Amino acid sequence: MVFLSNAISQARINASTQNVDESTGLRSPVGTTIYGSRWATEEIPRFDMPIEEMPSNVAYRLIKDELALDGNPALNLASFVTTYMEDEAEKLMAENLSKNFIDYEEYPQTAEICNRCVNMIARLFNAPMHDAEQESIGCSTVGSSEAIILATLAMKRRWQHMRRAKGLSTENPNFVLGANCQVAWHKALLYLEIEPREVECTENLLYMDPQKAANFVDENTIGVCAILGSTYTGHYEDVKTLNNLLEEKCEENGWDIGIHVDAASGGFVAPFVVPELEWDFRLKRVVSINASGHKYGLTYPGVGWAVWRSPEYLPQDLIFNINYLGSDQASFTLNFSKGASHIIAQYYVLIRLGRTGFTKIMTNLTGTADHLADRLKNTGRFTILSQGEGLGLPLVAFRLNSPHHYDEFDISARLRERGWIVPAYTMAKNLENMKLLRVVVREDFSRSRCDILIRDILAAVKSLDTWDEKAVEDTRILSAEQSHSAMHVNIGSFKTTIVEEEDASGLKSPTAKKAVGIC
């Protein structure tokens, strides 16, 4: 076939480059490349919705170009959130983006897939399966934050029912947890008006001491949280010891206090790396568990799961039975509409990998984390704070082992220049003087990439060794002034949450409440 090309007349060119279409009053589509159009010379709309429309390819390119300034997800070692899924999983998600999960009647198979996920996860967490009347119950959530709020609400309501049945006051409920908890817990307790009783961390124990936690418990305690994978250092808290201590205390006092396990990160790791570790429904006092499918559940954000030991621990008066679009539905959720694609993707991962596949992946991640920890420790410059050999999450938390004129935040900033996002932060309450760095080892963090990171960490440290103290301080100031957040955040428009604390005289005085938001 011979292709013929017209030599376009000037009249057609003039007509195609008119700014306004006379018939519609709208600007004409792009005739040149996007970067030869007028949109390339104008500021992208930032505050007001534009009056006129723009071609779809222009809008796509302008946004894509802005997003290129984001960090590379594969080099983002700050987050536990999944950054890699197979093409088939992404295809399934794309094909189901338009499905609203709440429409059970319209999408019954999607609801069935969610039920299958709950069944698989409940069994993974060793939920009791011996009694048809006491079957485990669970639901999908947007993430572990929603699951935590739902589980805390269930604990509070159950405690209220038990207190009322005995003719006792339901005032002043409290909840016991470690100071190393994630910010989602501070939100849950603040929103639900529950007193937090935090077990402080120490330099010798960077996570919750189960004995201290048990000592905080009283008749107004609605529950105790144990974290399977501390946000700060990846440690698994000792759920079994906590369970035994609570069992003794409840038997002595006639209380019924349950444990909620925050397995946001560890729920999809521990069962495959240390299956003998008892942290789940094998323990009598564990009544609910949350897990993030979008972390080591290997699914893109956001999907999480909440599972209760039996219906006894999820009071019926919290469940809404509604008729929506012709279907009777039981709903326990903070939101109504949500996408179905992430639940479908979670199901893909569960059946695609199976227990064998998960075991292989999590074992590899654990080995890579141990390799990174060993290499860093062998430099003689760093102290490793995390737990290796599968006894904690596959991450490495570390700090400089001696004082320098630079700190962990300076190392993080230097690594950012190489594209790596390695967070530096301070430890939990009363340990804020301890600074550390954390590398989360995810599925797409291979051993070869790990070795490149080690090389760049050492290069960053050696570079900082050559700087004097003034150069380090000047760079900190300049970085703070020129950061993206500094240009967009009006500090004066935000107020710190104020809580009341008792001073030595017993009087209450307002004090700022702070919570770490690392995840």
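**Close-up 1. Helix α5 gives the most to the lining of the largest cavity, with six residues.** The model shown here and in the other views is predicted. The largest cavity holds about 100 Å³ of space. In total, 14 residues line this cavity. Met155, Arg158, Ile222, Gly258 and Val287 are the closest to its centre. Three elements give two or more residues to the lining: α5 (144–165), β4 (221–227) and β6 (286–292). By class, the lining divides into nine nonpolar, three polar and two charged residues.

**Close-up 2. A second cavity is lined by residues from separate stretches of numbering, including Phe80, Lys295 and Arg442.** The count of cavities of 30 Å³ or more comes to two. About 50 Å³ of space lies in the second largest. Phe80, Thr82, Thr83 and Tyr84 are among the residues that line the second largest cavity. Lys295, Tyr296 and Leu298 also line this cavity. Arg442, Glu443 and Asp444 complete the lining. Here the residues divide into four nonpolar, two polar and four charged.

**Close-up 3. Asp256 and Arg158 meet in a salt bridge through their side chains.** The N to O distance is 2.7 Å. Asp256 lies in the loop between α8 (239–253) and β5 (258–262), and Arg158 lies in helix α5, so the pair ties together parts that are 98 residues apart in sequence. Arg158 is buried, with a relative accessible area of 12%. Asp256 counts as partly exposed, at 30% relative accessibility. Arg158 also appears in the first view, among the residues closest to the centre of the largest cavity.

**Close-up 4. Arg158 and Asp256 belong to a network of salt bridges.** Glu247, Lys284, Arg285 and Glu312 are linked in this network with them. Across the structure, the salt bridges number 28.

**Close-up 5. Asp465 and Arg381 form a salt bridge between distant parts of the chain.** Their closest N and O atoms are 2.7 Å apart. Asp465 is in helix α12 (residues 447–465). Arg381 is in the loop between α10 (341–378) and β10 (382–384). The two residues are 84 residues apart. Asp465 is partly exposed, with a relative accessible area of 34%. Arg381 is partly exposed too, with a value of 25%.

**Close-up 6. Glu43 and Arg46 meet in a salt bridge.** Their side chains come to 3.2 Å, N to O. Glu43 counts as exposed, at 60% relative accessibility. Arg46 counts as partly exposed, at 46%.

**Close-up 7. Cys139 is in no disulfide.** A disulfide is a covalent bond between the sulfur atoms of two cysteines. The count of disulfides in this model comes to zero. For Cys139, the nearest cysteine sulfur is that of Cys114, 7.8 Å away. The cut-off for a disulfide is a pair of cysteine sulfur atoms within 2.5 Å. Cys139 counts as buried, at 15% relative accessibility.

**Close-up 8. The sulfur of Cys225 is too far from the closest cysteine sulfur for a bond.** That closest sulfur is in Cys181, and the distance is 7.2 Å. Cys225 counts as buried, at 1% relative accessibility.

Technical notes
Residues are numbered from 1 along each chain as its sequence is written. This is a predicted model: local features need pLDDT of at least 70, side-chain atom pairs count only at pLDDT 80 or more; totals for chains, interfaces and linings use all residues. Side-chain values use heavy atoms; hydrogens and water are left out. Buried means under 20% relative accessible area, exposed over 50%, partly exposed in between (1.4 Å probe, protein chains only). On a 1 Å grid over the protein atoms alone, a cavity is a set of points where a 1.4 Å probe fits but cannot get out, and a pocket is an open set with protein on both sides within 12 Å along at least five of seven lines; lining residues have an atom within 4 Å of a point. Grid points are joined across faces, edges and corners, and a volume is the space filled by probe spheres set on the points. Helices (H or I, at least four residues) and strands (E, at least two) are DSSP runs, numbered from the N terminus. Ala, Val, Leu, Ile, Met, Phe, Trp, Tyr, Cys and Pro count as nonpolar, Asp, Glu, Lys and Arg as charged, and the others, Gly among them, as polar. A salt bridge is a side-chain nitrogen of Lys or Arg within 4 Å of a carboxyl oxygen of Asp or Glu.
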